[in-house]
Every structure is written in structure tokens, then in C-alpha cells.
Amino acid sequence: MILVLKSVIGACLVAFIGIVFGLLYKGIDRKLHAHMQMRVGPPVTQPFKDVRKLFLKENLVPENAVDWVFNLMPVISLVSVISILLYVPMGVDPILSTKGDLILVLYLLMLPAVCMILGGFASSSPYATVGAQREMVMMISYEFPLAVTIIAIVWRLSKIYSASNIFTLQFIAAHPLWNNVGVFGVIGLAILLAVLLIVTPIELSKIPFDVPEAETEIAGGLLAEYSGKNLGMFYISDAVKTVVMASIVVALFFPYNISQYFSFPQYVDYVIDFAFFLFKAFVVIFVSVTVVRTSFARLKIDQIAHMLWVPVTITSIIGLLLLYLDTVF
Amino acid sequence: MIGTLETGYGVWSALYWLLGLVVLFIIVYFIYSLGGKTVKASGDKGKPFLSGNEMEKEKIHVKASNIYWGFTEALKSYYTPLKGGHTGNINDYVSWFVVVLAIVLILAGGL
């Protein structure tokens, strides 16, 4: 019963945290991106204003669109992406820590992309169809290195600890690997971290990997026909997904907290750890999204697929082998 | 009975996920309902954006065969030799089957 209550209240809480901090991070990202290009940039609250404006606009549905899919996908996309936050630690234990593991999170990560693909196909636009096709190619390309990275970490943990919940993010975050591996292990982990930092902007379709949208090329691609509140929902969904990806990187590689260095009451500890988590998530977003999208130009879809299947996959397997060697020597 | 699946390594309960999903759907749908009204556009407004080009509906379809273009183009050094093996001759396919089976049996026996 307590867990049922936790999942109901927790769902409200993660929805609030995901949306508010997602949009805030989006604003900070845009501000920093502008400063790096010697521009003033919009205020950090601009994404909130964007959403408000989109919600005031009419929600146009193209004549030949499949209405119910076209209108439902933005809602399902946001619902599914927020649901991931129920399983991800954000400075404190995840709300449903004992009811879902990292494999579930891997599958849930696919849902928002599938919603965008279905919405794109349903909009009857050739630009959206091309965008949806590109999103599918990206999905089948980044899943493998992402899975290798995650499985490598969990496999190495399973060699150190024997627990029945080793695949849960709660367990992984409570047992940082950096402290328990030798030289090979540290190098392997650093390589896997680099792979995950490359996969993060791809998962988020950010420049240089924004080929499914590519405004200058296919006029917004997947989202070409979306307007009003439907576009607003995809916009929020993208913001929340940024928080989700950053949270996963933090949980896997930087799960450390700082509350133990102070002697405050427990509720203050929660606040401190949550604030520290927000800081770590910001650093991850800054490195893997803001800096990368400021520094590089858009790649072509075949370049992205090649990069993911050859160098990135090989790199992730090297990381995995180094973690294996760490158990031998 | 539907309970929590425990594999010895990980856990997964569909019911709690569904419960969370229902609550989130209500919250998100409430936010969605705050937006402007939905209008089924018709006429010029309802046509898909095509950078000003006027084309018939039948001619603007993107073929499904294009779906994996980026993928096959990126890995063409892998796909081109494989295509060469697809001769359409059943004798060739059976030969491939026998060769691969032999390799698998050798590996399985050796290991």
C-alpha cells in the first residue's frame, strides 16, 4: 500500500521536477550556447515562455494526417519520458527502486523516440517521413554501444558483489565502480564514460546529431507539421529527456553525495544531495550537449550511423574488454 | 498472478509501472488540455509544408525502401559483399548452410 501511495505521489513529484528543471536546463543551455558564440542569448526562462506561447496557439492538424496518432503521440512521449524518472536516482533513492531495473530504463528510453517516429509518419508530410526514417536509423545505431556500456558496468559490479538487485540503478549508484577497480578498470570506465557522453546528444537529437529535425535541410523533419500544444508537448518531452539522460550518466559514473560531510538533519541532507545532483546533471549536460552543439556542425545520417556502428561500438567493446582484463590481473 | 519479476540480477513489476503511467497520463493530459483548441486544417492550410512546391498527394510519398538508406550507406563495405552472396540459386544457399553448420559444429565440439 505504501508503495502504491509512493508511486502516485512520486509520479506527481517527478513530473514537476522533470518539467521544471528540464526547461530550466534548456534555458541555461541556450544562454551558455549564445555566450560561446559571443551573443547575449535569450533569458534562462525563455523555454517556459516558449511553452506558454505554444499553448496559446491553435493546434493545427494537417488534412491528410491520422488524427488520433498525430495528437496522441506528443502526450504519450511526455508520459513515457517522465516515467523513467521513477526509476532513476536523483540524489536520493529512486521512487520505484525495487520495481524496475536498468534494462527497463533502456527500453523506456526508446519510447519517446518511437512516439516521435509514429507522430512523424502520421502527419502525412514528406519532410516528417524523412525525419522519422532518420530517427529509426539513429535508434538502431545507438542502442548497441549504449547497451554495451551499461551491461559492462553491471557485469563488472556482479564480479564484486552478489546481490539480487544488481541491475537496479539504486544498487549501481550505491556502489560506485571507480573505488573497486584497478588501473585497467579505471581506463575502461573512462572509455565507457566517453562513449556514454557521445551517445547522450545522439539520444537527445542535438547538434551535430539532429538529423531527424535538421531545420535548414528538412524544415524541422519529424516536427514539421506540429504546432501549438502538440509541439509544446514534444518540446517539454525533449527537455525532460535531457534530465533523464543526465541522471543516468550521473547514476552510473558520478553517484557520489556530499551530505555525509555535514551533520545536518536528514531532510536537509536530502536537499543537499538533490542540489548536488542538479549540479552534476548540469555539468553532464554542459559537456555532452552545450559544448558539443556549439563546437560541431551537423553530420549526415550515414556519417552518424557509421560513427556509431564502427568507432563508437569498437570503443565501447574496448572499454568492456578492459573491465574484463581488470578481473584477470 | 501478476507479481514482480525477479531474475536474480534485476527486477521488474509491470503493475507499478502502469500505475505510475496512469497517474502521469492524467497529469500530462491536464497540462495538454490547457493548450489552444485543436483544428483540423483544410485547403491550403491543411497541406503538408513542401517549401512552396505544388505536388499531387500521390507524388509526395517517401518510399519505405528509403528507410534504411543511412544505415546501408554507412555500412556498405559490409553489405556489398553480402549482396554478392545472394545469387538467388538454391544450391548456393544450401552450400552456405552446410559450411556455416560445419563451422558451428566444429566450434561447439572444440569448445
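**Figure 1. Chain B and its buried residues.** In this predicted model, just 12% of the 111 residues in chain B are buried. Chain B is built from four helices and three strands. Start at the N terminus and you meet its elements in the order β-β-α-β-α-α-α. The domain assignment splits out domain 1, residues 1-38, and domain 2, residues 63-111. Taken over C-alpha atoms, the centres of these two domains of chain B sit 41 Å apart.

**Figure 2. Chain A as a whole.** Now turn to chain A, where 54% of the 329 residues count as buried. Its secondary structure comes to eleven helices and one strand. Reading from the N terminus, the order is α-α-β-α-α-α-α-α-α-α-α-α, so look for that strand after the second helix. Along the principal axes, the C-alpha trace of chain A spans about 60 × 45 × 45 Å. Is the radius of gyration what you'd look for in a compact globule, or not? A compact globule with 329 residues would have a value near 20 Å, and chain A has 20 Å, so the two agree. As for who touches whom, take the contacts in chain A between residues at least 6 apart in sequence: 79% of them join residues at least 24 apart.

**Figure 3. The largest nonpolar core.** Nonpolar side chains tend to be buried together in soluble globular proteins. Here, the largest nonpolar core has 116 residues, and Val88(A) and Val105(A) have the most contacts inside it. Which helix gives the most to this core? That would be helix α9 of chain A, residues 228-253, with 17 residues. Zoom in on Val88(A) and skip its neighbours within four places in sequence: what is Val88(A) in contact with? Its partners are Pro94(A), Val105(A), Leu169(A), Val244(A), Ser247(A), Ile248(A) and Ala251(A).

**Figure 4. A closer look at Ala122(A).** You'll find Ala122(A) in helix α4 of chain A, which covers residues 102-122. Is Ala122(A) buried or exposed? Ala122(A) is buried, because 23 other C-beta atoms lie within 10 Å. Leaving out neighbours within four places in sequence, Ala122(A) is in contact with Ala65(A), Val66(A), Val69(A) and Phe70(A). For a sense of distance, pick out Gly41(A) too: Ala122(A) and Gly41(A) are 81 residues apart along the chain, and their C-alpha atoms are separated by 35 Å.

**Figure 5. Where chain A meets chain B.** Here 62 residues of chain A are in contact with 46 residues of chain B. On the side of chain A that touches chain B, at least two residues each come from α1 (2-36), α2 (46-56), β1 (59-61), α3 (67-84), α4, α5 (126-160), α9 and α11 (301-328). Which element gives the most to that side? It's α5(A), with ten residues. Sort the residues on the side of chain A that touches chain B by kind, and you get 34 nonpolar, 18 polar and ten charged.

**Figure 6. Strand pairing across the two chains.** This view shows β1(A) beside strand β3 of chain B, residues 38-40. The two strands pair in the parallel sense, over three bridges. Which residue in β3(B) is the bridge partner of Asn59(A)? Look for Thr38(B), which is the partner of Asn59(A) there.

Definitions and conventions: Residues are numbered from 1 along each chain as its sequence is written. Chains are lettered from A and ligands numbered from 1 in the order in which they are written. This is a predicted model: local features need pLDDT of at least 70, side-chain atom pairs count only at pLDDT 80 or more; totals for chains, interfaces and linings use all residues. A nonpolar core is a set of buried Ala, Val, Leu, Ile, Met, Phe, Trp, Tyr and Cys residues joined through C-beta atoms within 7 Å. A residue is buried if 20 or more other C-beta atoms lie within 10 Å of its own, exposed if 12 or fewer, and partly exposed in between; C-beta atoms are placed from the backbone. Two residues are in contact if their C-beta atoms, placed from the backbone, lie within 7 Å. Ala, Val, Leu, Ile, Met, Phe, Trp, Tyr, Cys and Pro count as nonpolar, Asp, Glu, Lys and Arg as charged, and the others, Gly among them, as polar. Two strands pair if DSSP finds at least two bridges between them. The radius of gyration is taken over C-alpha atoms; the globule rule is 2.2 Å times the number of residues to the power 0.38. Domain bounds come from an automatic or database domain assignment.
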